[in-house]
Amino acid sequence: MQAAGSNTENKIVPTQTVSVHGIPSGMLEDDVLQDLLTIHFQKAKNGGGDVKRVIYPTRVKGVAYVTFEDYKVAERVLQKKGQILVDRRLPTSFQLKVARYGEHIFACAAADLDLSPFCKCWPLKEVVKELQERVPDLSFGSLTSHGHISVEGPFPAIKLLRDVLLHTYNMAQKGCDCLSERDRGTPNATIDSMEQESGSHLESSLSFSQESYFESQTLIIDTDVYLFMIKVLKKEFQERLSKYNITCDETREDGITMLTLKAVASDPKQVADAKKEIQVLSDQLQSTLRKERIHLDDTNECQSIDKCIGMKPMFPMVLIVPYRKYIDLIGPAADVAKFMQASKDMSPGKDQDGQIYRSSR
């Protein structure tokens, strides 16, 4: 098995790679979980086959990348339902979510929910079951005695979960005796209309504001998208804020940025209009941006960072985010690909699987 941090054969091949969500982080050593994932996805009963590499841990908690020797195996794993990770060293079995290794900027997000406001209306286990049915793309952790539960999954599913929670809380406020009394239709209504209907918001780690609808609005955005928005599109983003005369506070956690928009002028309804416009921009970027990662050689770490920063004028639409051991590149797919190629061309003696490899999410 190839370790995650090795410099050989580290290039991810999207057609042969899947992302795996719902890994029980922290329960076992990282290298043990990496071995368990390798064994799991080598088994034919799980749709698996020869595993080329498992990258774990990754930047997103509870997420791994599994690359197979044959792209047909990756396709088979994607079609296999009920991926359950089982091992005697784990306290219980864990359901894994397997997704195609995509080209979009995000793969997974995580949040901690406080469901205690529902306990006066329904048993919390029933609430969790309802959420699992309504948002099947999410992985749910164990419910604590205080009513908290962790959730993990694709970012759009996290946003849908917020819709479902608001709708459910609204029905609780109306005095439904059981969850079965609720409208079972898909919650296609927007967050805005639900917030207007409910009048007060559920306070949870997803930060549902308790201020009135028009005075304050919250917006959840993938952090990488937000960084691109405020740094590469800084002028456009600031113009949108000034046009509506609002302030914007941010809170970042687990790859998610929660924006709180508040009115400054006498017309607080502008907050809702600003929220919609920023959401449209966020959705557009989320579907077009790509992220690549350049891992740095310990021997020339500063030189590599300086080289990338020096290339910035040639690629104004690429956001460079330096870290100690790697550099993240965020931008339109074509621009990022050209940046990666230019970086390789400027590194004589480095083969394709050397110091630079793709790690988009």
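Select Arg293 and Tyr326 to begin: the charged end of Arg293 sits over the ring of Tyr326, at 4.0 Å from the centre of that ring. The model in the viewer is a predicted one, and every stop below should be read in that light.

**The open sheet**

Next, display the strands E1 to E5 as a cartoon. They form an open sheet of 5 strands in the order E2-E3-E1-E5-E4, and the pairing is antiparallel. At the edges are strand E2 (51–55) and strand E4 (83–85), each of which pairs on one side only. On average, neighbouring strands of this sheet are turned by 30 degrees against each other, direction ignored.

Colour residues 17–21 and 63–68 separately. These are strands E1 and E3, which pair in the antiparallel sense over 5 bridges. Within this pairing, Val18 stands opposite Val66 of E3, and Ser19 has Tyr65 of E3 as its bridge partner. Now move to the pairing of E3 with E2, which is also described as antiparallel and runs over 4 bridges. Here Val54 is the residue that stands opposite Val66 in E3.

Remain on E3 and show its side chains. How many of the residues of E3 are buried? The count is 6 of 6, and the strand is mostly covered. Val63, Tyr65 and Thr67 point one way from the strand, while Ala64, Val66 and Phe68 point the other way; all are buried.

**Helices on the sheet**

Select residues 30–42 to bring up helix H1. This helix lies across E1, E2, E3, E4 and strand E5 (94–100), and runs at about 145 degrees to E2. Add residues 71–79, helix H2, which packs on the sheet and touches E1, E3, E4 and E5. The direction of H2 makes about 130 degrees with that of E5.

**Two loops beside the sheet**

Select Asn46, in the loop between H1 and E2. Asn46 counts as buried because its relative accessibility is 8%, under the 20% limit for that class. Leaving aside residues up to four places away in sequence, Asn46 touches His40, Val77, Lys80 and Gln83.

Then centre on Pro57, in the loop between E2 and E3. The peptide bond leading from Tyr56 to Pro57 is cis, with omega near 0 degrees.

**Aromatic pairs**

The next stops concern ring pairs. A search of the whole structure finds 5 aromatic pairs. A pair of aromatic rings is described by the distance of the centres and the angle of the planes.

Select Phe41 and Phe68. Their ring centres are 6.2 Å apart and their planes stand at 75 degrees, so the pair is edge-to-face. The angle exceeds the limit of 60 degrees, over which planes count as edge-to-face. Because Phe41 lies in helix H1 and Phe68 in strand E3, the pair ties together parts that are 27 residues apart in sequence. Phe41 counts as buried at 0% relative accessibility, and Phe68 is buried with a relative accessible area of 0%.

Now turn to Phe315 and Phe339. With ring centres 5.1 Å apart and planes at 55 degrees, this pair is tilted. Phe315 is in the loop between helix H9 (301–310) and strand E13 (319–322), whereas Phe339 is in helix H10 (residues 333–345), so the pair ties together parts that are 24 residues apart in sequence. Both Phe315 and Phe339 are buried.

**Leu219 in strand E9**

Select Leu219, which has its place in strand E9 (residues 216–222). Is Leu219 buried or exposed? Leu219 counts as buried, because its relative accessibility is 2%. Show its surroundings: apart from residues up to four places away in sequence, Leu219 touches Thr257, Met258, Leu259, Lys275, Ile278 and Gln279. Add Lys159 to the view and display the C-alpha atoms. Leu219 and Lys159 are 60 residues apart in sequence, and their C-alpha atoms are 9.6 Å apart in space.

**A positive phi angle**

The last selection is Asn245, in the loop between helix H7 (234–244) and strand E10 (246–253). What is the phi of Asn245? Phi is near 55 degrees, a positive value in a residue other than glycine. Asn245 counts as partly exposed because its relative accessibility is 34%, and the partly exposed class lies between the 20% and 50% limits.

Methods
Residues numbered from 1 in each chain as written. Predicted model: local features only at pLDDT ≥ 70, side-chain atom pairs only at ≥ 80, totals over all residues. Heavy atoms only, no water. Pairing = 2+ DSSP bridges. Axes fitted to C-alpha atoms, helices over the stretch in contact; angles between N-to-C directions. Contact = heavy atoms within 4.5 Å. Buried < 20%, exposed > 50% of the residue type's maximum accessible area, 1.4 Å probe, protein only. Phe/Tyr/Trp six-rings, centres within 6.5 Å; stacked < 30°, edge-to-face > 60°. Lys NZ or Arg CZ within 6 Å of the ring centre and 35° of its normal.
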